[in-house]
Every structure is written in structure tokens, then in C-alpha cells.
Amino acid sequence: MRTTDDAAHALPPGEEPVRRILVTGWFSFLHGEATAGDVLALERVREVLGGAGLPHDVAWSPGFRPGALSLERADPASYSHLVFVCGPAHGWQIEQLHRRFADCVRIAVGVSVVDPASAAVRGFHRVLARDAAGAAAPDLAARAPVQEAVPVVGVILTHGQHEYGGRRLHEAVAAAVTEWLAGADCARMELETRLDARDWRLASTPGQLESVLRRLDVVVTDRLHGLVLALRSGVPVVAVDPVAGGAKVSAQGRVWGWPAVVPGEHVSPAALDRWLHWCLSAEGRDTAAAVAGSALRDPADALPGALHHER
């Protein structure tokens, strides 16, 4: 095995001409994982291979990309070379890869070498490491193609509010919204309006939460304060009322004059898609900004009079 830290070079020549390359990584293993860094490193490798005119396929874990080419379906006889991308070159999964693709020239690129003497490392014909002693190379993700920006969506859902009894649609609404979000091309951020000074995952002051909200493109919520705090911050919001017949979420939508409120009985991907598209449009953003600056009747203004009211 020969090693080098120069991970930016094109695929080196092997013992036979390159016919077709199978590109693998930890994202290929059924019990592995796909991280953003790994997949960006993969995109960099694909960019280099494509630029060199080298035909290749990518093997994906069926748990991450169902229906795509998997290691189990990849025929070793169809490939002259195997490239392993990113992550630690360590473990039984990689050792098994060497055995299954024993007739291929096997190259690791952008990997960490935990134990140079391990069978996982020694099974590669060449290792283009990112952590070679004295000459570490930048991780492949650093030079990956820039990804297209997507909307950042804050998600504020509740599974409580049992005071509504038989009118509760909360579980069905949450299931419909989260299933829809899983297929939406957006960056999702789960948020909570509950404050807690002891839990680092939660805001401990309203200002901390609102600082996050103001940086979002859209909020998706079935909570009254999810709707109110988003609009107060000038952020468009897709609200779903989780109570049959409508309750406080719908009432606040009317008070604010905010149209993007979906009844829980009628929540659907089509309705959510329509309102998300509207919220991301110039009209949606302008409406949210106008609503945030509008003067609303405030019940607190009537409090002094109520306190002095004689019975």
C-alpha cells in the first residue's frame, strides 16, 4: 500500500485501465451514516471524476436513499476501481468491503487513518489521507461545489392542550406537518416557546427566542404563540389550527389579519405547499412586515379601567 496526503489530485493509475468506478463511503453502509460533510466530500470527488471523464456510480445505504444503487446490488464484476470517500478508514465494514471487491483497485480519499496497521487501511492500494503525519490536507468538503441556498423554516409544534378534549387534532396535525416537512426542500429548525434556564437546548429568555425567529425565512406552527411571535418579528408563518372547528390559533389569525391559517381538519400537503410558497413570495414577506408594524387593539389597555370598576 502506498499513501499520500495529496487528496486534491485526480485518481491515480491502477493496475488495470479504469473501466468504471464505484464510489463508496460511510453513507454506503446499511449501519453507517450520512453526514453533511461526507456527502459534500462525495460531491467534490464526483466533480473531480466527472471533470476527468471517468465513469462512476455511487453506492448509497438503502436506509438513506431507498431505491438508489446499494452495495448489495452493486456487482463487483462491473467495476475496475472502488473509491472510498471521507470518514475514518477503520472498522469491519471497510474490511468487508475489501473482501467483496477484492478484484478492484481500491483507493481511499480524504479519510482519517486511525491505525495505519489495521486491515481496513492496509486493504487499500492507495490512501489519500486528510490527516497524514506532518502534511495534513484540507477536508474534501472544503472544496465541494457550493450548494444552493434553501429557505430556513422554524418549526413550533405542540402535543399538549388536552383542555380541548374531543376537539383535539394535535397528533394528526403534527404527523401531517412533520411528514410534509420531511419531504420539503428547506432547512428545518425545531423550536420551542417554553423557556428553561437549565436546558441549553431551550431559550431562557423571550429575547433569545425572538433573536432566532428574526433570522428565519418562515415559521410553521400549530401554537398560538408560534403564530404571534413570528408575526411580531415580521416573519411569515404557516399556522395550522389543531382544534376541530377552530380555536385560539384561528382567532389570532383573524385578529392579525393573517391569511395563512389552515384548519386542522383540512391540513394537507397541497395546502401547506401553497401557503409556504406564498410566505416565501414578496407578497408574503411584505404582508408579514406590514402586520408586524400595524397597531392592534390591546386588551391590556382596558386593564386599569377594569381594576377600578365598581361591582
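Here is a short chat about some salt bridges and one helix in this predicted model.

Visitor: What should I know before looking?

Guide: This is a predicted model, where local features need pLDDT of at least 70, side-chain atom pairs count only at pLDDT 80 or more, and totals for chains, interfaces and linings use all residues. Residues are numbered from 1 along each chain as its sequence is written, and side-chain values use heavy atoms, with hydrogens and water left out.

Visitor: Why is the pair glutamate 192 and arginine 223 called a salt bridge?

Guide: The term needs a side-chain nitrogen of Lys or Arg within 4 Å of a carboxyl oxygen of Asp or Glu. Here the N to O distance is 3.1 Å, so the pair fits the rule. By that rule, the count comes to 9 salt bridges.

Visitor: What makes this pair a link between distant parts of the chain?

Guide: Glutamate 192 and arginine 223 are 31 residues apart. Glutamate 192 is in the loop between strand S8 and helix H5, while arginine 223 is in the loop between strand S9 and helix H6. Those labels are DSSP runs numbered from the N terminus: helices are H or I with at least four residues, strands are E with at least two.

Visitor: Why is glutamate 192 called partly exposed?

Guide: Buried means under 20% relative accessible area, exposed means over 50%, and partly exposed is in between (1.4 Å probe, protein chains only). Glutamate 192 has 24%, so it counts as partly exposed.

Visitor: How do you know whether glutamate 210 is buried or exposed?

Guide: Its relative accessible area is 9%, so glutamate 210 is buried. Its salt-bridge partner at 2.4 Å, N to O, is arginine 232, which is exposed, with 52%.

Visitor: And how do you know whether aspartate 196 is buried or exposed?

Guide: Aspartate 196 has 14% relative accessibility, so it counts as buried. Aspartate 196 meets arginine 198 in a salt bridge of 3.6 Å, N to O, and arginine 198, at 78%, counts as exposed. Arg194, Asp196 and Arg198 are linked in a network of salt bridges.

Visitor: On to helix H8. Which residues of H8 are buried?

Guide: They are Ala271, Leu272, Trp275, Leu276, Trp278 and Cys279.

Visitor: What puts them on the same side of H8?

Guide: They cover an arc of only 160° around the axis, so they sit on the same side of H8. The arc is taken from the directions from the helix axis to the C-beta atoms. The face turned away from the buried side carries the exposed residues Pro269, Ala270, Arg274 and His277.
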